Each structure stands twice: as C-alpha cells, then as structure tokens.
Amino acid sequence: MIIKDARGNEFLGMIYVDETQADKEYHPVNHAMAVVKVGNDYLMGWNHWRKNWEVFGGCREEGETLRECIARECKEELGIENVEYTYLGLMKYNMAP
C-alpha cells in the first residue's frame, strides 16, 4: 500500500499497461480518474457530499473508452473540454465502503 486516506481508501500502486491494452488485460476497468496539473500545481475538487477534496473522475458508461470517460468527467465536473490528456496507467485501488 502506498497511501491510505482518512476514509479508508487505499492506493495500492500503479499498473503500467498501455492504454489500448488496459481493458483487454484488466477487465473490467470501471472508473477513470484525472490528476489535473496546472503549471506546478495540482487541481483538486471539493466533494460536497463526502466533505473532502478529491481528484476528478468517475464511473465509465457502457461502451465508453477510458479516454472518452475522462473527457466526459472533466467536462461534467470541471467544465473543461479539448484537454490534452497523458495516460499514465491503471491505479490499483481499494475503495472503502
């Protein structure tokens, strides 16, 4: 485990797999997350329901690619479009109930 937050969510590590192979090798990938870097700073969002700062992202919709999911989530949550994305890999993560 790399880090555990106050709610019990655990970031276990990264899986470095090509974006085109991620769904084939690690099915199902059900979420996409975006770490948004602006200059030397990182953008976090305040979740009103959980009362906590978070990175952006959410559940994939049926038939959606990872790239399509994160583009949609950034539009919905941040109001931004036409963003240059850099795929880093898959995050191995245990989400607390």
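Select Lys 51 to begin: this residue is exposed, with a relative accessible area of 56%. The loop that holds Lys 51 runs between strand 6 (45-47) and strand 7 (52-54). Check the backbone here as well, because the model, which is predicted, gives Lys 51 a phi near 55 degrees, a positive value in a residue other than glycine. Most residues other than glycine have a negative phi.

**The tryptophan pair**

Stay in this region and show the side chains of Trp 46 and Trp 53. The structure holds 1 aromatic pair. Its rings, those of Trp 46 and Trp 53, have centres 5.2 Å apart and planes at 65 degrees, so the pair is edge-to-face. Planes over 60 degrees apart count as edge-to-face. Are the two residues buried or exposed? Trp 46 is partly exposed, at a relative accessible area of 37%, and Trp 53 counts as exposed at 52% relative accessibility.

**The whole chain**

Now zoom out and colour by secondary structure. The protein has 2 helices and 9 strands. Followed along the sequence, they give the pattern β-β-α-β-β-β-β-β-β-α-β. A box of roughly 35 × 35 × 30 Å, taken along the principal axes, is filled by the C-alpha atoms. For 97 residues, a compact globule would have a radius of gyration near 13 Å, and the protein's value of 14 Å agrees with that.

Switch to a surface view. About 7500 Å² is exposed, and carbon and sulfur atoms supply 54% of it. Buried residues make up 26% of the 97 residues. Of the contacts with a separation of 6 or more, 52% are between residues 24 or more positions apart.

Colouring by pLDDT is the next view. The mean over the protein is 87, and 100% of the residues reach 70 or more. Among the elements, strand 2 (residues 10-15) has the highest mean pLDDT, 91, and strand 4 (residues 36-38) the lowest, 82.

**The three-stranded sheet**

Select strands 1, 2 and 9. They form an open sheet in the order 1-2-9, with antiparallel pairing. Which strands are at the edges? Strand 1 (3-4) and strand 9 (90-94) are the edge strands, each pairing on one side only. Between strand 1 and strand 2 there are 2 bridges, in the antiparallel sense. To see the two strands side by side, pick Lys 4, which stands opposite Glu 10 in strand 2.

**The cis peptide bond**

Move on to the loop between helix 1 (19-25) and strand 3, where Pro 28 has its place. The peptide bond that joins His 27 and Pro 28 is cis, with omega at about -5 degrees. Most peptide bonds are trans.

**Strand 3 and its partner**

Continue into strand 3 (residues 31-34) and show its side chains, which alternate. Ala 32 and Ala 34 point to one face and are buried, whereas His 31 and Met 33 point to the other and are not. Add strand 8 (residues 56-59), which runs antiparallel to strand 3 and is joined to it by 4 bridges. Within strand 8, Gly 57 is the bridge partner of Met 33.

**From strand 8 to helix 2**

Thr 65 is the next residue to select, in the loop between strand 8 and helix 2 (66-78). Thr 65 is partly exposed, with a relative accessible area of 37%. Draw a distance from its C-alpha to that of Asp 23: the two are 42 residues apart in sequence and 8.7 Å apart in space.

**The loop after helix 2**

The last stop is the loop between helix 2 and strand 9, which holds Asn 82 and Tyr 85. Asn 82 is exposed, at 80% relative accessible area. Its C-alpha is 8.0 Å from that of Ala 71, at a separation of 11 residues in sequence.

Tyr 85 counts as partly exposed at 23% relative accessibility; the range for that term starts at 20%. Which residues does Tyr 85 contact, leaving aside its neighbours within four places in sequence? They are Arg 67, Ile 70, Ala 71 and Cys 74. Ala 71 therefore appears twice at this stop: in contact with Tyr 85, and as the other end of the C-alpha distance from Asn 82. To finish, select Glu 19, which is 66 residues from Tyr 85 in sequence and 12 Å from it in space, C-alpha to C-alpha.

Notes. Residues are numbered from 1 along each chain as its sequence is written. Side-chain values use heavy atoms; hydrogens and water are left out. Buried means under 20% relative accessible area, exposed over 50%, partly exposed in between (1.4 Å probe, protein chains only). Two strands pair if DSSP finds at least two bridges between them. pLDDT is the predictor's confidence in each residue, from 0 to 100. Rings of Phe, Tyr and Trp (its six-membered ring) pair if their centres lie within 6.5 Å; planes under 30 degrees apart count as stacked, over 60 as edge-to-face and the rest as tilted. The radius of gyration is taken over C-alpha atoms; the globule rule is 2.2 Å times the number of residues to the power 0.38. Contact means heavy atoms within 4.5 Å. Accessible areas come from the Shrake-Rupley method with a 1.4 Å probe; for residues, only the protein chains shown count as cover.
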